[in-house]
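Here's a quick briefing to read with the sequence and the structure open side by side. Take it topic by topic and follow along in your viewer.

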Amino acid sequence: MIKFIFKAIIRDKNRSLLPVIIISIGVFLTIALSGYLNGVLGDMVDQTARFDTGHMKIMSKAYAENKDQIPNDLALMGVGEITESLKKDYPNYRWVNRIRFGGLIDAPNSMGGSKGQGPASGIAIDLFSSSGDEVNRMNIKNALVDGALPTKSMEILIGHEFAKKMALNIGDEITYMGTTMNGSMCFGSFTISGTLSFGVVAMDKGMIIADISDVRRLLDMDDAAGEILGFSRDEHYYDEKVALVEKAFNEKYLDSKDEFAPIMLRLKEQNNMGSYLDYVNSFSSLFVIIFVIVMSIVLWNTGLIGGLRRYKEFGIRLALGEDKGHIFRSLIYEATLIGIIGSIVGTLLGVIFTFYLQTHGIDISDMTTDATMMMSTVLRSKFTPKLLYIGFIPGVFAMVLGNMLSGLGIYKRETATLFKELEV
Amino acid sequence: MRLAFQLAYKNLIGAGLRTWLNSIVLSFAFVLIIFFNGLLDGWNQQARLDGINWEYANGHLINEEYDSYNPFSIQDGHAVLPKEDQANLTPVLVRQATIYPQGRMFPIMLKGIDSKQSTIKLPSNLLNTSEANIPVIIGNRMAETTNLKVGDDVLLRWRDKNGTYDASSVTIVGIFDTNVAFVDSGQIWVAIDKLWEMTGLYNHASLFIANDNYIHKNLKGWRYEDREFLLKELTKIIETKKVSSSIMYFLLLSIGLLAIFDTQVLSVFRRQKEIGTYISLGMTRFQVVKIFTAEGSMYSIFAVFLAAAYGIPLLGYIAKTGITFPMSGDDYGIIMAETIYPVYSFNLVFGTIVIVVLLATIVSFLPARKISKMNPVEALKGKLQ
Amino acid sequence: MKKIIIALILSFVASCLFAQDAIMIIKRVDDNMISKTQIVESQMLIYGRRKTRTVVSKSYTEGKDKSFTEYLSPAREKGTKMLKLKDRLWIYSPSTDRTIQLSGHMLRQSVMGSDLSYEDMMEDREMTDMYSAEVVGEEIIDGRKTWILELKAKVDDVAYYSRKIWVDTERYVPLKEELFAKSGQLLKRVSLTDITKVDGRWYPQKMNYKDVLKTGKGTDFIIIDIQFNTKIPTYIFNKASLRK
């Protein structure tokens, strides 16, 4: 039976090609839209991850309890070893060290005095790595207002409002006064290599970015870091996967009484992200549900049409003695098969499209003036396993339902009437 | 041309149910496009809305010495504004202080605000109704950092206007949830008259928050940052997001067109006899094509009217009440809700109408072209082609 | 009636005497503790959560207005210098060869992570100028008899509204001091021990300064060497000489 139907489908292009195409398009749209929506709504999550929480963050327990105060005296030590073992155990993630620090910036004037003084908050990342991993992640190149990325030790980037306020230019030297991990006073001379537009007023006015090896030396934080961040390779956050890593990692230190033992927190548990993520999920679910319903209606229409077209054929078959139920069932089988074929094609196309947008994204940096660090200028989709099956719902079910509805006509109409539609 | 439309109109009316069905489906797609885009725009604007509701209101009148981004300016950045200039303004006084939760030392900003204010969403009214000695409210970020809950007492140390240390226990009478970290992190809110009492800085304010009725006039010693100025960065971000919204728009539009295309194909297919009739009655093929195309575009116009009929009240209602998502405030056992208000711009609606009608016409034209290739005799006979 | 009046007069006189006593006690403490100049080499032990740090410094003080400190160890701190002139404070760092003035907000920060703030260090007024004093009792501390003096601010701009000082009745050296906020909340406690006679003065060789509101052991100051009334050359208190 199935082979018969299959042959029929392949031979009668008219009959099947059109519905298959329409279903494929419908399913493709459903998946493309959902994937894109996930990407767009997840934007803020990504932002938070890139700048603050990572997909996972490891700190010492004591540091984590007071993290808003940036207690570098409680920072995690032995990070070299921890980072190496993380890279080995979880090679699907990228692991980076960062140090946050605060202090005073004093800008010298030509007479040895000071032309300006102000509080600064700093973040030390790996600025000089060949892969430019962190630089890319933080969108630094696009956010440069003046000057260039640091290339030498003790060069830093500062917020452009900060530079303006203190009348600083590229190449100027500033003195940083802060506290080392041990509580000692420390001073450092930095040269400004460039200014950045962070996109957040507070940062523009008071933030500096320095290289982590410089800051390590300055703050006596050799082999120590305020935080180790982990990012998934496609820079998208998958809560379930990350939760597993978190559990496994934290288990290792569960029994440790050391208040400076490392503890890992995933994104969802930081910065109030828990409720935000739920929010995003609810929102995108709503969208997807409504979309699937609409898609279903459209495809139902297709199914209906498909059935209506074939009343003539049904008339003949009835006249030939085929059982009404049998015709109906064959109609359903066909519809199901067409639905599946269309859905598979559509899902394939949709998934490819989503992956493409996820990895390459749409670069809109040319369209936007004044790029900042916080605004990512590449639009991306986000693939979730859900996408694999949500296309099938409208694709198969709607199609089948539509056919079923039109198939009812078989039962209702007289054989004669159906036959008449033959109109030979 | 007119004939085409007249006939198209007659056909559609004549078809009755089928017309209704198709128009409904298309109108549905139409309303959906507007709704989705409105919702996405609303989402993007949410940050802006939150900013306005929790922090910016209609602008800030700030003491010229005070810069909220510079903690050095807190000490001296405050003054008295004559009462007659305070119309439609809510005073806020910022001082530095320290709290000692669980034996830890936490430098914070102590912010005093009129407990009866309703300009921003901060639940300052909670400060009114308490019997505690010094009631304070904090945001949930602050609560998390300091491990404090409603009802907890914590020691607060501050300095009065002369720099003398004072210290007392304060009671947390409320914890609020906001997306605006700027009114939450590292700060505690207290009633401003209480703060005046505590510091001796009677009637001083670091800044004033303006409500919608505020009209600014230049005042010596104070600078005004209006709402748009304060929202600058957010506005830029939203502009960027418009590009991503348009991709969404395009994807949504495709459904609507799919629906029309679908319908038109069936239409042409089912009505071959009719087509044959037209041609044998003397119409040119092209005229017949025009009829069918006109039908397609008329569907879209019907759909627009239909969409307006139920869409305007529906979308209008949603725009007012917003869509509320329940979320779990698992930490505190509170069920919190987040509401988005869709934003429908005129461009969105008008543009959509124009585009849908235009594209519907094109999409109807394509299957109608097949007609020009038909053999009228066969068509008349009802033979499939 | 007469009896009541006499009683009132007597108690009034007594309280005046007590007040006088208190002022006199403070003056004698000042005489003991303060000299025209002081050169002190000391250790500051800062008890951190992870480790204890020891910072060694040498200070030159003239009156209450001028003070110069050079940090001698550990290596990190070595060569860092601080100069206080009246109400201004400068810090010189050899690694950057710069002199930075600290003001306002910065002065409230703690010195080297200790329980002491720069501002606490900078107080340059006489106790008797800021506080009115009264003897409120007696107590034995570490086997020494002490008077308990209660000081209440008599000017507006003192950091600590009231203080309590336990003064050794024989040696006129404070053994304990408590600093209070306006509400009466205890904020800081200073314990002075190892009282030794140096140069004819009874001087505490060890002081512990503790912020009472937070957990921790506070900060210890241990005197290694102290000289009173040695002539200090004027260039020491010169801002320019910070860079030498």
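Leaving aside neighbours within four places in sequence, which residues is A:I156 in contact with? The answer is A:P150, A:F190, A:I192, A:S193, A:I208, A:I209 and A:A210. Keep in mind that this is a predicted model. The points below start from that residue's surroundings and then move through the chains.

**Nonpolar cores**
- The largest nonpolar core has 103 residues. A:I156 is among those with the most contacts inside it, along with A:A124, A:I208, A:V215 and C:L149.
- Strand β8 of chain A, residues 185–196, gives the most to this core, putting in six residues.
- Another core, of 83 residues, lies apart from that one. Its members include A:F287, A:V294, A:V396 and B:Y278.
- As background, nonpolar side chains in soluble globular proteins tend to be buried together.

**Strand β1 of chain A**
- This strand covers residues 56–60, and five of its five residues are buried.
- Look at either face and you'll find it covered: A:M56, A:I58 and A:S60 are buried on one side, A:K57 and A:M59 on the other.
- With strand β12 of chain A (residues 262–266), β1(A) pairs in the antiparallel sense over five bridges. Within that pairing, A:M59 has A:I263 as its bridge partner.
- Strand β11 of chain A (residues 227–232) also runs antiparallel to β1(A), joined to it by three bridges. Here A:K57 stands opposite A:L229.

**Chain B and its helix α8**
- Chain B holds ten helices and 13 strands. Of its 385 residues, 44% are buried.
- Take the chain B contacts between residues at least 6 apart in sequence: 79% of them join residues at least 24 apart.
- Helix α8 of chain B runs over residues 285–321, which is 37 residues. How far should they span at 1.5 Å a residue? The expected figure is 54 Å, and the end C-alpha atoms are 52 Å apart, so the two agree.
- That helix does bend, by about 45 degrees at B:G311, and the proline B:P313 follows within four residues.
- Just after α8(B) comes B:G322, with a positive phi near 75 degrees.

**Domains of chain C**
- The domain assignment splits chain C into domain 1 (2–33 + 125–220) and domain 2 (37–123 + 230–243).
- Taken over C-alpha atoms, the centres of domain 1 and domain 2 of chain C are 26 Å apart.
- Where the two touch, ten residues come from domain 1 of chain C and nine residues from domain 2 of chain C.
- On the domain 1 side of that contact, β12 (201–211) and β13 (219–228) of chain C are the elements that give two or more residues. The largest share of that side is from β12(C), with three residues.

**A glycine in a chain C loop**
- Find C:G113 in the loop between β6 (98–102) and α2 (118–122) of chain C.
- Is C:G113 buried or exposed? It is buried, because 21 other C-beta atoms lie within 10 Å, and the cut-off for buried is 20 or more.
- Not counting residues up to four places away in sequence, C:G113 touches A:T179 and A:G183 in chain A, plus C:I46 and C:G48 in chain C.
- C:G113 and C:L242 are 129 residues apart in sequence, with 23 Å between their C-alpha atoms.

Key:
Residues are numbered from 1 along each chain as its sequence is written. Chains are lettered from A and ligands numbered from 1 in the order in which they are written. This is a predicted model: local features need pLDDT of at least 70, side-chain atom pairs count only at pLDDT 80 or more; totals for chains, interfaces and linings use all residues. A nonpolar core is a set of buried Ala, Val, Leu, Ile, Met, Phe, Trp, Tyr and Cys residues joined through C-beta atoms within 7 Å. A residue is buried if 20 or more other C-beta atoms lie within 10 Å of its own, exposed if 12 or fewer, and partly exposed in between; C-beta atoms are placed from the backbone. Two residues are in contact if their C-beta atoms, placed from the backbone, lie within 7 Å. The expected span of a helix is 1.5 Å times one less than its number of residues. The bend at a residue is the angle between axes fitted to the seven residues ending there and the seven starting there. Two strands pair if DSSP finds at least two bridges between them. Domain bounds come from an automatic or database domain assignment.
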